[in-house]
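Ready for a few short exercises? Have the structure open beside you, try each task on your own, and then read through the solution.

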Amino acid sequence: MGYEADLPRPGPVVGPGSIFLIVVTIIVFLLPVFIYFPPTLPSVTEALLQTHTRIGLDDSERLLPRHSKRDSRASNAGPGRIQSLWIFPVKSCKGIEVLESKVVPAGLEYDRIYTFAQLKSPFPVGLDTPDEAKKECSWEFISQRQFPRLATVHVDLYVPDIRKARSGGHQVLSLDNTSKSSSANAALGDSFIVIRFPWQERGLGGTLAWLGAKLSRGLHAVPEKEIILPVSFPSEDEIEARKYTWEPVKIWRDTVTALNMEADLPRELRLYLGVSNKLGLFRVDPARLRKVYRNAPKKEEAGYQPVTGWQDAYPVHMLNLSSVQDLDAKINKDDNLKSLDPLRFRANIIVDGVEAYEEETWKTIRFNPGASNKRQDKTNFHVSCRTVRCKMPNIDQETGFRHPAEPDRSLRKYRDVDPGIKGVGCLGMQLTPLFRDPSTEAEAASPDTNDMVMDSWVEVGMDVEVLSRGPHRYARMFETDRPDI
């Protein structure tokens with residue numbers, strides 16, 4: 001009696017090579033599916049794009065140079081021209097570069113209509129804190145000065161696009177289906193602001209969000225949290241439905257009653273920014289704008305009372321690119337600051353083609369349309385005062401990194417030039433819109449403002465015309481109006 005050899009078991013033989021081939025086949029089959037249908041819920045942005053268009057230039061189209069090195073071929077012989085225009089819908093967050101902008105009494109349209117604020121108190125505030133104790137708390141605006149990560153918070157502006165609606169886009173976007181921090185239903189006639197900040201949840205949901213970001217927006221993309229806000233001021237019914245509240249908020253020395261829309265903020269934003277106090281979001285009330293007196297034209301001169309929203313002190317900020325380039329040449333560079341990005345100064349209007357610091361001699365200016373401009377508006381501004389700089393330009397507007405010294409140190413060393421304030425640097429000029437011709441004495445002196453059109457336009461490429469020149473002296477916030485200011 002012999003023995004039987006082991007016989008192979010019936011069925012297919014699956015080796016390592018076969019398993020590898022099967023896995024590769026599945027990946028090749030599923031990859032296009034994941035690219036076209038990422039494993040994430042539709043974003044607010046994707047939904048808005050069905051009926052709206054995002055305004056502003058893409059990062060690759062940016063007109064403002066990222067460095068301050070002077071082109072040897074450039075000329076400052078004049079006349080100057082508008083090189084770049086920026087709006088910052090949410091104070092201290094990323095801006096939007098535009099080719100044109102409407103000018104209204106409060107500044108460029110859409111500029112700084114929202115600001116974040118924190119609830120300051122001498123003790124922690126909880127849900128069971130008595131009302132009397134809560135009265136000791138106060139809302140104060142925040143900026144990159146305290147929370148530099150605000151520089152990395154993206155802001156997009158979407159306006160209705162009738163062409164998309166006619167081509168079959170949905171008429172109404174139900175925001176509650178895409179974001180718990182949404183505002184209401186986005187009808188076609190509304191414009192919206194979308195705030196985006198990096199955020200990845202833990203666990204499987206966060207992994208899928210990470211994968212979806214890579215597949216839909218590229219290898220360098222990261223998961224983001226989105227918040228959608230209305231551009232138009234909410235109605236009384238919307239205020240009640242969304243549980244918004246009217247509360248006083250302090251900005252510098254002013255205290256303004258504004259609409260607190262903190263109900264639309266996700267808790268993740270406070271964690272991302274590093275805000276330990278309660279975080280609020282305030283919409284400026286168009287009927288309660290802050291009045292501007294210091295250095296600004298008088299009501300009789302301007303034809304209206306100058307006002308501003310959440311800007312620091314004046315409606316419009318102008319910067320001369322040549323002045324930034326001159327300062328850049330004097331800064332000691334290091335690995336953290338190789339060149340001075342003009343965007344660090346967060347100006348609305350950037351001009352070029354004039355000598356460095358010549359703008360500090362201007363008192364009234366006019367932007368005239370050129371041959372390439374589509375609008376024919378001639379827009380006038382009162383050049384109210386120099387811009388006194390704090391340490392905020394030390395923050396890199398791309399990364400949120402705060403340089404320990406520059407450019408603040410060089411500003412204090414080379415730009416301590418204003419007789420009204422010593423020990424600080426100045427760069428840029430503050431503007432107040434003028435809606436009647438300051439070069440015509442009869443019109444400038446006329447008290448009749450009933451027929452005055454209270455808006456105009458600025459556009460990239462407009463020429464700068466200097467109507468009058470004179471000295472400037474900065475008035476501090478605690479100074480009262482004086483005839484020599």
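The exercises below concern a predicted model, and each task is followed by a worked solution.

**Exercise 1. A strand with neighbours on both sides**

Task: Work out how strand S18 (residues 316-320) is enclosed, and find which strands it pairs with.

Solution:
- Step 1. Start with the count of buried residues. In S18, 5 of the 5 residues are buried, so the strand is largely enclosed by the rest of the structure.
- Step 2. Recall the general pattern: in a regular strand, side chains alternate between the two faces of the sheet.
- Step 3. Now sort the residues by side. Val316, Met318 and Asn320 lie on one side of S18, with His317 and Leu319 on the other, and both faces are covered.
- Step 4. Look for the pairing partners. S18 runs antiparallel to strand S22 (residues 426-434), joined by 3 bridges, and it pairs in the parallel sense with strand S19 (residues 349-352), again over 3 bridges.
- Step 5. Take Met318 as a reference point. Met318 stands opposite Met429 in S22, while its bridge partner in S19 is Ile349.

**Exercise 2. A strand with one covered face**

Task: Decide which residues of strand S4 (residues 100-104) form its covered face and which its uncovered one, then trace its pairings.

Solution:
- Step 1. Split the strand by face. Ser101 and Val103 make up the covered face of S4, and Glu100, Lys102 and Val104 make up the uncovered one.
- Step 2. Follow the pairing with strand S23 (residues 456-459). The two strands run antiparallel, with 4 bridges between them, and Glu100 has Glu459 as its bridge partner in S23.
- Step 3. Follow the pairing with S5. This is also antiparallel, with 2 bridges, and Val104 has Gly107 as its bridge partner in S5.
- Step 4. Name the motif: S4 and S5 form a hairpin, with 2 residues between them.

**Exercise 3. Charges that pair and charges that gather**

Task: How many salt bridges does the model hold, and which residues take part in some of them?

Solution:
- Step 1. Begin with the principle. Side chains of opposite charge can pair when their charged atoms come close.
- Step 2. Apply the distance cut-off: a side-chain nitrogen of Lys or Arg must be within 4 Å of a carboxyl oxygen of Asp or Glu. By this rule the count is 28 salt bridges.
- Step 3. Check Arg54 and Asp58. Their N to O distance is 2.2 Å. Arg54 is partly exposed at 31% relative accessibility, and Asp58 is partly exposed at 35%.
- Step 4. Check Glu224 and Arg196, whose closest N and O atoms are 2.9 Å apart. This pair links distant parts of the chain, with Glu224 in strand S12 (residues 224-230) and Arg196 in strand S11 (residues 192-198), 28 residues apart. Glu224 is partly exposed at 26%, whereas Arg196 is buried at 16%.
- Step 5. Check Asp326 and Lys330, which meet at 3.2 Å, N to O. Asp326 is partly exposed at 26%, and Lys330 is partly exposed at 34%.
- Step 6. Look for linked groups. Glu360, Arg386, Arg415 and Asp418 are joined in a network of salt bridges.
- Step 7. Turn to like charges. Glu236, Asp237, Glu238 and Glu240 gather in a patch of negative charge on the surface. One of them, Glu236, sits in helix H6 (residues 236-241) and is exposed at 58% relative accessibility.

**Exercise 4. Backbone angles to check**

Task: Where do Tyr110, Trp252 and Pro407 lie, and what marks out their backbone?

Solution:
- Step 1. Set the expectation: most residues other than glycine have a negative phi, and most peptide bonds are trans.
- Step 2. Inspect Tyr110. Its phi is positive, near 75°, and it is found in the loop between strand S5 (107-108) and strand S6 (114-120).
- Step 3. Inspect Trp252. Its phi is positive too, at about 55°, and it lies in the loop between strand S13 (245-251) and strand S14 (254-260). Trp252 counts as partly exposed, at 32% relative accessibility.
- Step 4. Inspect the bond between Glu406 and Pro407. This peptide bond is cis, with omega about 5°. Pro407 is in the loop between strand S21 (379-388) and helix H10 (408-414).

**Exercise 5. One residue in a helix**

Task: Is Gln325 buried or exposed, and in which helix is its place?

Solution:
- Step 1. Locate the residue: Gln325 is in helix H9 (residues 321-328).
- Step 2. Compare its accessibility with the cut-off. Buried means under 20% relative accessible area, and Gln325 counts as buried because its value is 9%.
- Step 3. Add a distance. The C-alpha atoms of Gln325 and Pro342 are separated by 8.6 Å, and the two residues are 17 apart along the chain.

Methods
Residues are numbered from 1 along each chain as its sequence is written. This is a predicted model: local features need pLDDT of at least 70, side-chain atom pairs count only at pLDDT 80 or more; totals for chains, interfaces and linings use all residues. Side-chain values use heavy atoms; hydrogens and water are left out. Buried means under 20% relative accessible area, exposed over 50%, partly exposed in between (1.4 Å probe, protein chains only). Patches are made of residues with over 30% relative accessible area and no salt bridge: like charges are joined within 9 Å, nonpolar side chains (Val, Leu, Ile, Met, Phe, Trp, Tyr) within 5 Å. Accessible areas come from the Shrake-Rupley method with a 1.4 Å probe; for residues, only the protein chains shown count as cover. Lys and Arg count as positive and Asp and Glu as negative; His and the chain ends are not counted. The place of a charge is taken as NZ of Lys, CZ of Arg, CG of Asp or CD of Glu. Two strands pair if DSSP finds at least two bridges between them.
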